[in-house]
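Q: I am new to this structure and would like a close look at a single part, the largest nonpolar core. Which residues have the most contacts inside it, and which elements supply it?

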Amino acid sequence: MKEREIEKFSKILKLINSDLQEAMIEIKKLNPDSIERLHQYLANRTLHTESARYRGRVVEMSIYLELVLAKILSKYFATSEKVGLLNSMVFDRMDLQRKLNTLKTILKTQYPNIWRKENINFKKLDKLIIFRNNIAHSVLNSSPEYSKKIREQSMEFIKKGKKDKFLDGIEFGFYENHNWVFKNIKWNEIEAYHKGIYNGINKIEDIGKQIIPEYEITLEE
């Protein structure tokens, strides 16, 4: 695709978001081959913009979970003057699952009553982390069939004059049980993940209050 054509397509995209009638006039000026490339261009823009929205929503809350876990672990193992150092040099560098597993080990060995009570909640968090990893490290479906489907949805957005183009689902590819799969992840699954992680953080913070004197909550209710 030539640079001049990309500029023209970008202009049309802006018009779609501001003046649909003018956008349709500009589209009609294109030859059939350019219209075909425009459709593909709009489909790609829609898909990548939406995938960023999906991934961003997933990563957003997992960052909070990582911060809370790192804070609890550093406060548990260090005196107040060494907390920041231990956090920055050790726990902040751990991956999310290892942080969670470290907290599990503390509870299993030092606070078995809390572990028995919260075991089910930790299993829920484990599943949510797997979901997060799948989405964060996935690729988009680039098959001709799926590309055609996104193109049709993109053109439908234009016809209906939708400025906010939100896809209800996106096909992400990742390894599951050692097999490569493409799964259509719905937006309501992303929202369910977000809610689950938020609830999980509240549970983790409650545990922090139980095992660390004067522990301060990070997230407000």
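A: The answer below starts with the whole chain and then turns to the core.

This is a predicted model. The protein has 8 helices and 3 strands, and from the N terminus on these run α-α-α-α-α-α-β-α-β-β-α. Its radius of gyration is 23 Å, well over the 17 Å that the globule rule gives for 221 residues, so the protein is more spread out than a compact globule. Along the principal axes, the C-alpha atoms fill a box of roughly 70 × 35 × 30 Å. Of the 221 residues, 42% count as buried.

In soluble globular proteins, nonpolar side chains tend to be buried together. Here the largest nonpolar core has 44 residues, and Leu 103 and Ile 204 are those with the most contacts inside it. At least two residues of this core come from each of α3 (32–77), α5 (96–110), α6 (112–136), α7 (144–160), β2 (169–176) and α8 (187–211). The element that gives the most is α3, with 11 residues.

Leu 103 can be followed outward to its partners. Leaving aside residues up to four places away in sequence, Leu 103 touches Leu 69, Ile 72, Leu 73, Phe 122, Ile 204 and Ile 211. Across the protein, 69% of the contacts with a separation of 6 or more are between residues 24 or more positions apart.

Another core, of 12 residues, lies apart from the largest one; among its residues are Ala 23, Leu 30, Leu 38 and Leu 42.

Technical notes. Residues numbered from 1 in each chain as written. Predicted model: local features only at pLDDT ≥ 70, side-chain atom pairs only at ≥ 80, totals over all residues. Heavy atoms only, no water. Helix = DSSP H or I, 4+ residues; strand = E, 2+ residues; numbered from the N terminus. Rg over C-alpha atoms; globule rule 2.2 N^0.38 Å. Buried < 20%, exposed > 50% of the residue type's maximum accessible area, 1.4 Å probe, protein only. Contact = heavy atoms within 4.5 Å. Core = buried A, V, L, I, M, F, W, Y, C linked by side-chain atoms within 4.5 Å.
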